[in-house]
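Colleague: I've only just opened this one and I'd like a close look at a single part of it. Could you start from one residue and work outwards from there?

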Amino acid sequence: MRTAEIDWNRVRRVLVVRLRSIGDTVLATPSLVALRRFLPESEIDILVEDWVAPVLDDFEGAGRLVAPAGGALSRLATAREIRRRNYDVVFNLHGGTTATFFARASGAPHRVGYENYHYSFLYNHRLSSAKDFWKREKTHSAEQQLALLGFVGIPVNDLPKSRLTVSEKALNSGEQKLMEQGGKHLDKLGEFVLMHPAAAFDTKEWAAENFARVAEFLQSIGLTTIAIATPQERRVLDNLKAQSSAPIYAFDNFTLPEITALASRARLFVGNDSGIAHMAAATGTPSVVIFGSSNRHHWRPWTDAPNEVVFEGFNCQPCPGFECKEFGEPRCIHNVTVESVTDAIGRVLAKERAGPKARS
C-alpha cells in the first residue's frame, strides 16, 4: 500500500530508524549509501542504539547520529528531538514497537515500513514483503532494508554493499594498544588474520579448541592471528590461547572504530556469525564465517570481497538460537569441522590472490 507519491525534489530531511545490534546497523549502510547518492543535498540521519553508534563514526552516508540511551525519559527526550528536526520522510528498517514509536513521533508526512510491522497502520507507505519486491523467495537482511527504499522510488537494483569508514584516529589508537599489550607494531606483524571466536549464543559459537587448530594452520601458511572479543568474553580468548601452539595476540578492549580499522588491515577475517563479521565484510576484507543456528541466506557477508560461509546442514536450521530444542545441544555448530574451515580459508585466499581486495 502506498499513499500520495513522495515528491523527492521537496525532501530536505530523512530519518532512517535502525535499532538493535551491530550487525543490523552495519547492514543498514547499503540503504544509507543508496539514499545519499539519490539525495546528495539532503540531510540524512540514522537512529541507532547508543552502544552501537560508534560503529558509524565518520560514516559519510549519514550526516548525524541520534542515539537514544536506555530508559523511558531518555527515549522521550529523543522523540522530542526527532520531532523538532521536521523530517520529510522516515524509513523504519526494523519493525519493533520502539522503532515504530520513534517513526510516528517524528511527525514526518511520509513514513515507510512493512505491512507486518507492529502497529503498521501508523505507516502511510507499507510494503507487503521483500520477496514481493525482489520477486524471489530468499532475501538478505540488506535486501530487505533496500526494498523499502526501492518501494518508494529510490534506485536500489545495483544492490550496494555494506560499507564502514576507517578513521585514522581509530587506526592509531588501535596500533597503540597493540604495542602496549602485544609488544608489536602493526607493520611489524606481517600479514595477519583477524579472528573473532565468540558469539551471542552457544548455538552460534564454534569451540575455542577448533579456532586454536585454525590459528595453528594459519601460522603454517605464514599468517599471524589477532583475536578479539569483549571483556565479558575474555574466557573465550584465554581458552583459545591456552589451547593453541601458535602465538595469538588477544584483545578484549578494542573499540568498535578500532575493530573496523584493524579489520581493514587484515588479510582475512575468520570467525562466528556475528556483528564483528559484518564489520570486517564492510571494510572489504575477505572472510570465512562459521554458521550454526542462524539463517546463512539472511546473514551471510554482504560484500563483493571473496568470502565463504561454513556450515553443517540440519533440517531444523535456521532457528531462534537461544537453545537447541531438537537435540539438546547445538549439533549444527558442533559438527562443523576444522578441515572444512581451513579448506574454506584456502579457497578464499586463492580468490583474493587472483584479484585485488575489494575495498569500500
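Is valine 270 buried or exposed?

Modeller: One thing before the answer: this is a predicted model, in which local features need pLDDT of at least 70 and side-chain atom pairs count only at pLDDT 80 or more, while totals for chains, interfaces and linings use all residues. Residues are numbered from 1 along each chain as its sequence is written, and side-chain values use heavy atoms, with hydrogens and water left out.

Now, valine 270: it counts as buried, with a relative accessibility of 0%. Buried means under 20% relative accessible area, exposed means over 50%, and partly exposed is what lies in between, all with a 1.4 Å probe and protein chains only. You'll find valine 270 in strand E10. Strands here are DSSP runs of E with at least two residues, helices are runs of H or I with at least four, and both are numbered from the N terminus. Leaving aside residues up to four places away in sequence, valine 270 touches Val193, Leu194, Met195, His196, Phe211, Val214, Val288, Val341 and Ile345. Touching, or contact, means heavy atoms within 4.5 Å. For another distance from here, take serine 340: it is 70 residues from valine 270 along the chain, and their C-alpha atoms are separated by 13 Å.

Step back along the chain to arginine 267, which sits in the loop between helix H10 (256–265) and strand E10 (268–272). Arginine 267 forms a salt bridge with glutamate 191, with 2.6 Å between the closest N and O atoms. Glutamate 191 is in the loop between helix H7 (168–182) and strand E7 (192–196), so the pair links distant parts of the chain, 76 residues apart. The term salt bridge covers a side-chain nitrogen of Lys or Arg within 4 Å of a carboxyl oxygen of Asp or Glu. The general idea is that side chains of opposite charge can pair when their charged atoms come close. The two partners here sit in different settings: arginine 267 is buried, at 15% relative accessible area, whereas glutamate 191 counts as partly exposed at 45%.

The helices H7 and H10 just mentioned also meet each other. Two packed helices are described by the angle between their axes and the distance between the axes. The axes of H7 and H10 come within 8 Å and cross at roughly 85°. Those axes are lines fitted to C-alpha atoms over the stretch in contact, and the angles run from 0 to 180 degrees between N-to-C directions. H7 and H10 are therefore roughly perpendicular to each other. That word covers 65 to 115 degrees; under 35 counts as roughly parallel, over 145 as roughly antiparallel, and the rest as oblique. From H7, the contact takes in Ala170, Leu171, Ser173, Gly174, Glu175 and Lys177, and from H10 it takes in Pro257, Glu258, Ala261 and Arg265. Sorted by class, that contact has four nonpolar, two polar and four charged residues. Nonpolar here means Ala, Val, Leu, Ile, Met, Phe, Trp, Tyr, Cys and Pro, charged means Asp, Glu, Lys and Arg, and the others, Gly among them, are polar.

Follow the chain on from H7 and you reach aspartate 187, in the loop between H7 and E7. Aspartate 187 counts as exposed, at 53% relative accessibility. It is 12 residues along the chain from glutamate 175, and the C-alpha atoms of the two are 9.2 Å apart.

Beyond E7 there's another long-range pair. Glutamate 205 forms a salt bridge with arginine 235, and their closest N and O atoms are 3.6 Å apart. Glutamate 205 lies in the loop between E7 and helix H8 (208–220), and arginine 235 lies in helix H9 (residues 234–243), 30 residues apart. Glutamate 205 is buried at 16%, but arginine 235 counts as exposed at 54%.

H9 has a pair of its own, too: aspartate 238 forms a salt bridge with arginine 234, with 3.0 Å between the closest N and O atoms. These two are four residues apart in H9, about one turn of the helix. As a rule, an α-helix has 3.6 residues a turn, so residues three or four places apart point the same way. Aspartate 238 counts as partly exposed at 40%, and arginine 234 is partly exposed at 25%. For the wider picture, the structure holds 22 salt bridges.
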